[in-house]
Amino acid sequence: MTANILRDAGPDERSAVGVAKDLRPEQPLRIRNQDLPAPTELFGHLGLAEPQIEKGARWAGVCPPCVGDSRRSKVQWIEIHVLALDAETTRVYMQAF
């Protein structure tokens, strides 16, 4: 399992949503049920809270082979979380395995 994050100044909301749409998820970004089990720490070593516990973080998941995305044929599942930090900056969390 790998974890990556865009660490520059941060994309704006529209760019972040575009990244999620480019993954071709079956459902659009949405707020996840807040009664989730404790998340595995994937982003703590970067000094970030896990996206599952961030209020307002939106989530989408996709199986690239299932949606015929040959660009990512070696990846079985991608999760993306998008969290607006302020009016100009949005954090994008991605996990693929």
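Good morning. The protein chain exposes about 6100 Å² of surface, and carbon and sulfur atoms supply 52% of that area. Please keep in mind throughout that the model is predicted. Of the 97 residues in the protein chain, 33% count as buried.

Let me turn to the overall layout. The protein chain contains one helix and five strands, and along the sequence these elements follow the pattern β-α-β-β-β-β. How much of the contact set comes from residues that lie 24 or more positions apart? Such residues account for 58% of the contacts with a separation of 6 or more.

I shall now discuss the salt bridges. In general, side chains of opposite charge can pair when their charged atoms come close. This structure holds six salt bridges, and I shall describe several of them.

I begin with Glu13 and Arg58, whose side chains meet in a salt bridge with an N to O distance of 2.0 Å. Glu13 belongs to helix α1, residues 13–22, and Arg58 to strand β3, residues 58–62, so this pair ties together parts that are 45 residues apart in sequence. Both partners can be placed by their accessibility. Glu13 is partly exposed, at a relative accessible area of 28%, and Arg58 is also partly exposed, at 22%.

The next pair is Asp22 and Arg72, where the side chains meet in a salt bridge at 3.0 Å, N to O. Here too the pair links distant parts of the chain, with Asp22 in helix α1 and Arg72 in the loop between β3 and β4, 50 residues apart. Asp22 is partly exposed, with a relative accessible area of 36%.

A further salt bridge joins the side chains of Arg24 and Asp69, at 3.8 Å, N to O. Arg24 sits in the loop between α1 and β2 (30–31), Asp69 sits in the loop between β3 and β4, and the two are 45 residues apart. Is Arg24 buried or partly exposed? Arg24 is partly exposed, because its relative accessible area is 40%. Asp69, by contrast, counts as buried, because its relative accessibility is 2%, and the cut-off for buried is under 20%. Salt bridges that share partners join Asp22, Arg24, Asp69, Arg71 and Arg72 into one network.

I move next to Ala84, which has its place in strand β4. Ala84 is partly exposed, with a relative accessible area of 45%. Which residues does Ala84 touch, leaving aside those up to four places away in sequence? They are Glu13, Thr89 and Thr90; Glu13 is the residue that we met in the salt bridge with Arg58. The C-alpha atoms of Ala84 and Lys55 are separated by 9.9 Å, and these two residues are 29 apart along the chain.

Finally, I come to the cavities. A search of the whole structure finds two cavities of 30 Å³ or more. The second largest holds about 30 Å³ of space. Its lining consists of Phe43, Pro51, Gln52, Glu79, His81, Tyr93, Met94 and Gln95. The elements that give two or more residues to this lining are β4 (78–84) and β5 (90–96). Of the elements, β5 gives the most to the lining of the second largest cavity, with three residues. By character, the lining residues divide into four nonpolar, three polar and one charged.

Thank you for your attention.

Definitions and conventions. Residues numbered from 1 in each chain as written. Predicted model: local features only at pLDDT ≥ 70, side-chain atom pairs only at ≥ 80, totals over all residues. Heavy atoms only, no water. Helix = DSSP H or I, 4+ residues; strand = E, 2+ residues; numbered from the N terminus. Buried < 20%, exposed > 50% of the residue type's maximum accessible area, 1.4 Å probe, protein only. Contact = heavy atoms within 4.5 Å. Areas by Shrake-Rupley, 256 points an atom, 1.4 Å probe, with all protein chains shown as cover. 1 Å grid on protein atoms, 1.4 Å probe; cavity = no way out; pocket = protein on both sides within 12 Å on 5 of 7 lines; lining within 4 Å. Points joined across faces, edges and corners; volume = space filled by probe spheres on them. Nonpolar A, V, L, I, M, F, W, Y, C, P; charged D, E, K, R; others polar. Salt bridge = Lys/Arg side-chain N within 4 Å of Asp/Glu carboxyl O.
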